[in-house]
Amino acid sequence: MNTVLQVIEVCGILAFAFSGFIEASRRDMDLVGVFTVAFITAFGGGTLRDLLLDRRPLFWVEHQEYTLLVFVLALVVTPFLRHLRTSLSEKIIIVADALGLGLFSALGASMAEHAGMPIFVCVMMGVITGIFGGVLRDVVCNEIPLVFRRGHLYATCSFAGCWTYLILERFEAFQAGALIVSIFVTCTMRLLSVRFNLKLPG
């Protein structure tokens, strides 16, 4: 199970890092800016989760290869991103962000559950893990964070996905299967909300 969680963590880091790469490139940042935005997007949610759960060392300190991976990708990918069409880069950000949201939300809820937190705290920990990196990315890029705008469903998708995981766990479902279903629910809800312009009522 630890291997499954680590795979989910790496995939979530890559998904959020790519959304950071593209957003920073669209803002015409240099390599330092691109790496910085990708770093806080990929590691922001997990860092806050570890601090709230009092986990030491932080996950990216314990696994320095995660940081090195984002750094190397920043060096390799940045020159190519500048040539992406705006419409294509927008689609990639939406997909990467939805995937990262699903992966990190499920991971955060799972880790909080393993730490013995109450069920609603587990849900909120999953939501925080899923959304906080994107909040930091938007703040650094001088935008109102996506989760705070009256736009397409975002935190709601994470909330639903975390409950999906925890409910399946309560029925003693296979844990890896519960994680996969949770990721699917969050990611699919997010993409459908963008596709069909779904929003919470004002």
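How much area does the protein chain expose, and what share of it do carbon and sulfur atoms supply? I looked this up before anything else and found about 9900 Å² exposed, with 69% of that area supplied by carbon and sulfur atoms. I keep in mind throughout that this is a predicted model.

**Entry: overall build**

I went along the sequence for secondary structure and noted eight helices and zero strands in the protein chain, so that the pattern, written out in order, is α-α-α-α-α-α-α-α. I then took the extent of the C-alpha atoms along the principal axes, and they fill a box of roughly 50 × 40 × 25 Å. For the radius of gyration I noted 16 Å, which agrees with the value near 17 Å that a compact globule of 202 residues would have.

I also looked up burial over the whole chain, where 48% of the 202 residues count as buried. Turning to contacts between residues at least 6 apart in sequence, I found that 76% of them join residues at least 24 apart. For charge, I noted 15 positive and 15 negative side chains, with the centres of the two sets lying 11 Å apart.

**Entry: the nonpolar core**

Which residues have the most contacts inside the largest nonpolar core? The core has 50 residues, and the ones I wrote down for the most contacts inside it are Ile 13, Phe 21, Phe 43 and Val 70. The elements that give two or more residues to this core are helix 1 (2–26), helix 2 (31–52), helix 4 (64–81), helix 5 (86–114), helix 6 (119–140), helix 7 (155–170) and helix 8 (175–195). Helix 5 gives the largest share, which is nine residues.

I followed Phe 21 outwards, leaving aside its neighbours within four places in sequence, and listed contacts with Val 34, Ala 38, Val 70, Leu 73, Ala 74, Val 77 and Leu 81. Val 70 appears in that list and is also among the residues with the most contacts inside the core.

**Entry: two buried positions in helix 1**

I looked next at Ile 8, which lies in helix 1 and counts as buried because its relative accessibility is 8%, under the 20% cut-off. Beyond its neighbours within four places in sequence, Ile 8 is in contact with Leu 103, Leu 107, Leu 179 and Ile 183.

Is Glu 23 buried or exposed? Glu 23 also has its place in helix 1, and at 7% relative accessibility I recorded it as buried. Its contacts, again leaving aside neighbours within four places in sequence, are Ile 93, Arg 137, Cys 141 and Glu 143.

**Entry: the loop between helix 2 and helix 3**

For background on backbone angles, I note that most residues other than glycine have a negative phi, and that most peptide bonds are trans. With this in mind I checked the loop between helix 2 and helix 3 (59–62), where Pro 57 has its place, and found a cis peptide bond joining Arg 56 and Pro 57, with omega of about -5°. Pro 57 is partly exposed, with a relative accessible area of 40%.

Asp 54 has its place in that loop between helix 2 and helix 3 as well, and I noted a positive phi of about 60° for Asp 54 although it is not a glycine. Its relative accessible area is 59%, so I entered Asp 54 as exposed.

I took two C-alpha separations from Pro 57. Ile 8, 49 residues apart from Pro 57 along the chain, is separated from it by 19 Å, while Asp 30, 27 residues apart from Pro 57 along the chain, is separated from it by 30 Å.

**Entry: helix 6 and the segment after helix 8**

Which residues does Ile 119 touch, not counting residues up to four places away in sequence? Ile 119 has its place in helix 6, and I found that it touches Trp 163, Leu 166 and Arg 170. At 31% relative accessibility, Ile 119 counts as partly exposed. From C-alpha to C-alpha, Ile 119 and Gly 134 are 24 Å apart in space and 15 residues apart in sequence.

Last, I looked at Asn 197, whose place is in the segment after helix 8. Asn 197 has a positive phi of about 55° although it is not a glycine, and at 46% relative accessibility it counts as partly exposed.

Terms used. Residues are numbered from 1 along each chain as its sequence is written. This is a predicted model: local features need pLDDT of at least 70, side-chain atom pairs count only at pLDDT 80 or more; totals for chains, interfaces and linings use all residues. Side-chain values use heavy atoms; hydrogens and water are left out. Helices (H or I, at least four residues) and strands (E, at least two) are DSSP runs, numbered from the N terminus. The radius of gyration is taken over C-alpha atoms; the globule rule is 2.2 Å times the number of residues to the power 0.38. Buried means under 20% relative accessible area, exposed over 50%, partly exposed in between (1.4 Å probe, protein chains only). Contact means heavy atoms within 4.5 Å. Accessible areas come from the Shrake-Rupley method with a 1.4 Å probe; for residues, only the protein chains shown count as cover. Lys and Arg count as positive and Asp and Glu as negative; His and the chain ends are not counted. The place of a charge is taken as NZ of Lys, CZ of Arg, CG of Asp or CD of Glu. A nonpolar core is a set of buried Ala, Val, Leu, Ile, Met, Phe, Trp, Tyr and Cys residues joined through side-chain atoms within 4.5 Å.
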